[in-house]
Amino acid sequence: ARAFRDGDGCAKDLEKARELYEKSAELGDVVSMNEAGQLHDVDSVQRWRWWSKAARRGMPFKFSKNFSNLVDDFVSGLVNKTSPG
C-alpha cells in the first residue's frame with residue numbers, strides 16, 4: 001500500500017493504496033487504519049470511521065488532532081457569525 005501511495009517502484013495509485021490499507025486495516029493493523037483514513041476525502045465519513053477504530057485500539061493521534069482542528073474550525077465559524085460588527 002505504501003508503494004502505491006508514494007509511487008515507490010510503481011505508478012502512484014491512491015485508490016489502490018487505499019484499497020490495500022483498508023484490507024490490512026480490516027485484519028486489525030492499526031497503522032493501516034490511520035493510513036486508510038488519511039486517504040479518504042476530508043469530509044468523508046470513512047475517514048472518521050478508520051481514525052476512530054485506530055483510536056479505540058490505542059493510536060488516537062490522527063483522530064484527536066484532526067477532530068480538535070475540526071472543532072476549532074467550527075467554533076471559529078460560530079464566533080465569526082455571532083460576533084458584532
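Visitor: Which residues does A17 touch, leaving out those up to four places away in sequence?

Guide: Beyond that window, A17 touches A1, F4, R5 and L39. This is a predicted model, so the contacts are those of a prediction.

Visitor: Where is A17 found, and is A17 buried or exposed?

Guide: A17 is found in helix 2. To judge burial, read the relative accessible area: under 20% is buried, over 50% is exposed, and values in between are partly exposed. A17 has a relative accessible area of 0%, so A17 is buried.

Visitor: How far is A17 from A3, in sequence and in space?

Guide: A17 and A3 are 14 residues apart along the chain, and their C-alpha atoms are 7.7 Å apart.

Visitor: F4 appeared in the contact list of A17. Where does F4 lie, and what is in contact with F4?

Guide: F4 lies in helix 1, which covers residues 2-6. With neighbours within four places in sequence set aside, F4 is in contact with C10, A11, K12, D13, L14, K16, A17 and L20. The relative accessible area of F4 is 26%, so F4 counts as partly exposed. For a separation in space, take F4 and E22: they are 18 residues apart along the chain, with 13 Å between their C-alpha atoms.

Visitor: What does the same reading give for W50?

Guide: W50 has a relative accessible area of 1% and is therefore buried. The place of W50 is in helix 4, residues 45-56. Not counting residues up to four places away in sequence, W50 touches E22, A25, E26, M33, A36, G37 and H40. W50 and S68 are 18 residues apart in sequence, and the distance from C-alpha to C-alpha is 16 Å.

Visitor: M33, A36 and G37 are among the residues that W50 touches. How many residues of helix 3 are buried?

Guide: In helix 3, residues 30-38, 7 of the 9 residues are buried, so helix 3 is largely enclosed by the rest of the structure. The buried ones are V30, S32, M33, N34, E35, A36 and G37.

Visitor: E35 is a charged residue in that buried list. Which residues are linked with E35 by salt bridges?

Guide: The general idea is that side chains of opposite charge can pair when their charged atoms come close. In this structure, E35 is linked with R5 and D6 in a network of salt bridges. Within that network, R5 forms a salt bridge with D6, and the closest N and O atoms are 2.8 Å apart. D6 is partly exposed because its relative accessibility is 44%.

Visitor: How many salt bridges are there in total, and how are the charges spread?

Guide: The count comes to 5 salt bridges. The chain has 14 positive and 13 negative side chains, and the centres of the two sets lie 4 Å apart.

Visitor: Which salt bridges pair residues of helix 2?

Guide: Start with the geometry of a helix. An α-helix has 3.6 residues a turn, so residues three or four places apart point the same way. R18 and E15 both lie in helix 2, residues 14-26, with a spacing of 3 residues, about one turn of the helix. Their salt bridge brings the closest N and O atoms to 2.7 Å. R18 counts as buried at 19% relative accessibility, whereas E15 counts as exposed at 51%.

E19 and K23 also both lie in helix 2, and their spacing is 4 residues, about one turn of the helix. The side chains of E19 and K23 meet in a salt bridge at 3.6 Å, N to O. E19 is partly exposed at 35%, and K23 is partly exposed at 45%.

Visitor: What is the order of elements along the chain, and what are its overall dimensions?

Guide: The elements run α-α-α-α-α from the N terminus on, with 5 helices and 0 strands. The C-alpha atoms fill a box of roughly 55 × 30 × 15 Å along the principal axes. For overall form, set the radius of gyration against that of a compact globule: for 85 residues such a globule would have a value near 12 Å, but the chain has 16 Å.

Visitor: What share of the chain is buried, and what makes up its surface?

Guide: Of the 85 residues, 25% count as buried. The accessible surface comes to about 5,800 Å², and 54% of this belongs to carbon and sulfur atoms. Among contacts between residues at least 6 apart in sequence, 19% join residues at least 24 apart.

Notes:
Residues are numbered from 1 along each chain as its sequence is written. This is a predicted model: local features need pLDDT of at least 70, side-chain atom pairs count only at pLDDT 80 or more; totals for chains, interfaces and linings use all residues. Side-chain values use heavy atoms; hydrogens and water are left out. Helices (H or I, at least four residues) and strands (E, at least two) are DSSP runs, numbered from the N terminus. The radius of gyration is taken over C-alpha atoms; the globule rule is 2.2 Å times the number of residues to the power 0.38. Buried means under 20% relative accessible area, exposed over 50%, partly exposed in between (1.4 Å probe, protein chains only). Contact means heavy atoms within 4.5 Å. Accessible areas come from the Shrake-Rupley method with a 1.4 Å probe; for residues, only the protein chains shown count as cover. The place of a charge is taken as NZ of Lys, CZ of Arg, CG of Asp or CD of Glu. A salt bridge is a side-chain nitrogen of Lys or Arg within 4 Å of a carboxyl oxygen of Asp or Glu.
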